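Biologist: I should be grateful for a close look at one part of the model shown below. Please treat the charged pairs first and then place them in their surroundings.

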Amino acid sequence: MQPRHPRTAWQALARPLGLPRTLWPWRAVGYLATGAAGGAVLLGVLILLAGFSLLLVGLPLLLLTGVAAGAVERWRLRLVELDPAPDPHRVPEAPGLAAWLRLRAREQATWRELGYTVLHATVLWPLDLVVLAVGLGLPAALVSAPLQLAADGHEAKVVKAYLVTSYPQAFAAAFLGLLLLLLLLYPLTGYAGARAALARALLAPREAELRQRIGEVTASRARLAAAFEAERRRIERDLHDGAQQRLVALTMTLGLARYDAPPGPLAEQLAKAHAEAGQVLTELRELIHGIHPQVLVDYGLGAALADAADRASTPVDTSGIDAGLPRLPAPAENAGYFTAREALANIDRHSGARRARLTAVHADGVLRLTVEDDGRGGADPARGSGLTGLADRLAVLDGTLTITSPPGGPTLLRVEIPCRPLPRSPERSASSSPRTASSSAKD
């Protein structure tokens, strides 16, 4: 099926009747004209650097010339291909010109750019010039026959071959030139498309390079997620071992002072301070639990999900949580737990649901988790429900998050995370059931 709007000169050629009415032939002319001009300049630069390279001075400059010419050529491709060609180069891991040069010298893309630069400066730009001379120069010479005859007054030799001595002959030549221009637009546009395809093949990243870059981005995102999780656990430890212990000591001190104080205004103030400190301690424990619940570490995802459901304000049916849910890698368990907890929090705050259902199973190497409620629906992650960041976190694990929430409900959130179960150990085999673990964690 042909695209509705051509994106390249080649696609425009697939509609021959409409080609002359579009800008594609003239975009091709602009591409070839700038290629001819740029190639002539490159030829002079390469000749100059070739002389310097005899003293080993011009070799780095040759590489820089190839890189710069490649960038210009990728930009020029937009004249005949609307989709930009990606930059094949990687970002250096260390700052500085030396690191940049070392990386560029090791990349295949740099040498392809240098090869294309030499090819452009020696072969391609003369071809561009010849195609322009035939495709535009010849028709233009025929079209200008009346002007040439008027300038001479007696005769005109069109394209150095045809002698025109009368205006009927001159206008006939001009008509032939217009017809020839219309016909030559097709091969001219085709040549520009082929020229651009060659440039893209040499200057755009190869499939292997794209896969490597995607792998680097995925690894970088995984490292960021691991660093975020490590920082989360550090904060949890600091709060648990530092602030919480100090607050417990403060609560005990206030309690002792309350009982030692004689009845009166002072005792009442101490009682209020003691109650307030107890409330703050409770909130801090909830905060620590939310940062990284210990039940998730000790008993796994099933127990942690049951515990999260027990803490929700809306009644949650947890019968769909697989009782034999195996222990999974920590990133998968963390992502599944925090996604479910955020979904349950959204149900409590926004849905108006009377009940919810939470399921979690692991089968065929995939953790599948669903949260469903009978609320008003209309949930949209784009409005900042808190699930957008969790979707990005799942993407690091190659996981997916899908939300179905028509107006009026129900709302269904589905999470899938590819992961393999961890080997079972005696300690884990002796763990209690999810419901028991949840209850003991709450106590």
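How many salt bridges does the count come to? Which parts of the chain do the pairs link?

Modeller: The model is a predicted one, and what follows should be read as a description of that prediction. The count comes to 15 salt bridges, taking a side-chain nitrogen of Lys or Arg within 4 Å of a carboxyl oxygen of Asp or Glu as the criterion. The general background is that side chains of opposite charge can pair when their charged atoms come close.

One of these pairs is formed by E113 and R74, whose side chains meet with an N to O distance of 2.8 Å. This pair links distant parts of the chain, since E113 belongs to helix α5 (residues 108–143) and R74 to helix α3 (residues 59–76), 39 residues apart. Both E113 and R74 are buried. The pair also belongs to a network of salt bridges in which R74, D87 and E113 are linked.

A second pair joins R357 to D317, with the closest N and O atoms 2.7 Å apart. R357 lies in strand β4 and D317 in strand β3 (residues 316–321), so this salt bridge ties together parts that are 40 residues apart in sequence. R357 has a relative accessible area of 33% and is therefore partly exposed. D317, with a relative accessible area of 32%, is likewise classed as partly exposed. The cut-offs behind these classes are under 20% for buried and over 50% for exposed.

A third pair consists of R327 and E333, whose closest N and O atoms are 3.0 Å apart. R327 counts as buried because its relative accessibility is 15%. E333 is also buried, at 3% relative accessibility.

The strands of the second pair, β3 and β4, lead to the sheet. It is an open sheet of 5 strands in the order β3-β4-β5-β7-β6, and its pairing is mixed. β3 and β6 (400–404) are the edge strands, each pairing on one side only. From one strand to the next the twist averages 10°. Within the sheet, β5 and strand β7 (residues 411–418) run antiparallel and are joined by 8 bridges. T370 stands opposite R414 of β7.

Two helices lie across this sheet. Helix α11 (residues 301–311) lies across β3, β4 and β5 and runs at about 165° to β3. Helix α12 (residues 330–351) lies across β3, β4, β5, β6 and β7, and runs at about 5° to β5.

The loop between β4 (356–363) and β5 (366–373) holds D364. The phi of D364 is near 55°, which is a positive value in a residue other than glycine. By way of background, most residues other than glycine have a negative phi. D364 counts as exposed because its relative accessibility is 76%.

Returning to the helix that carries E113, one may consider its packing. The axes of α5 and helix α6 (residues 145–152) come within 5 Å and cross at roughly 50°. The two helices are therefore oblique to each other. On the α5 side the contact is made by A141, L142 and V143, and on the α6 side by A145, P146 and Q148. By class, this contact has 5 nonpolar residues, 1 polar residue and no charged residues.

Terms used. Residues are numbered from 1 along each chain as its sequence is written. This is a predicted model: local features need pLDDT of at least 70, side-chain atom pairs count only at pLDDT 80 or more; totals for chains, interfaces and linings use all residues. Side-chain values use heavy atoms; hydrogens and water are left out. Helices (H or I, at least four residues) and strands (E, at least two) are DSSP runs, numbered from the N terminus. Buried means under 20% relative accessible area, exposed over 50%, partly exposed in between (1.4 Å probe, protein chains only). Two strands pair if DSSP finds at least two bridges between them. Axes are lines fitted to C-alpha atoms, for helices over the stretch in contact, and angles run from 0 to 180 degrees between N-to-C directions. Contact means heavy atoms within 4.5 Å. Angles under 35 degrees count as roughly parallel, over 145 as roughly antiparallel, 65 to 115 as roughly perpendicular and the rest as oblique. Ala, Val, Leu, Ile, Met, Phe, Trp, Tyr, Cys and Pro count as nonpolar, Asp, Glu, Lys and Arg as charged, and the others, Gly among them, as polar.
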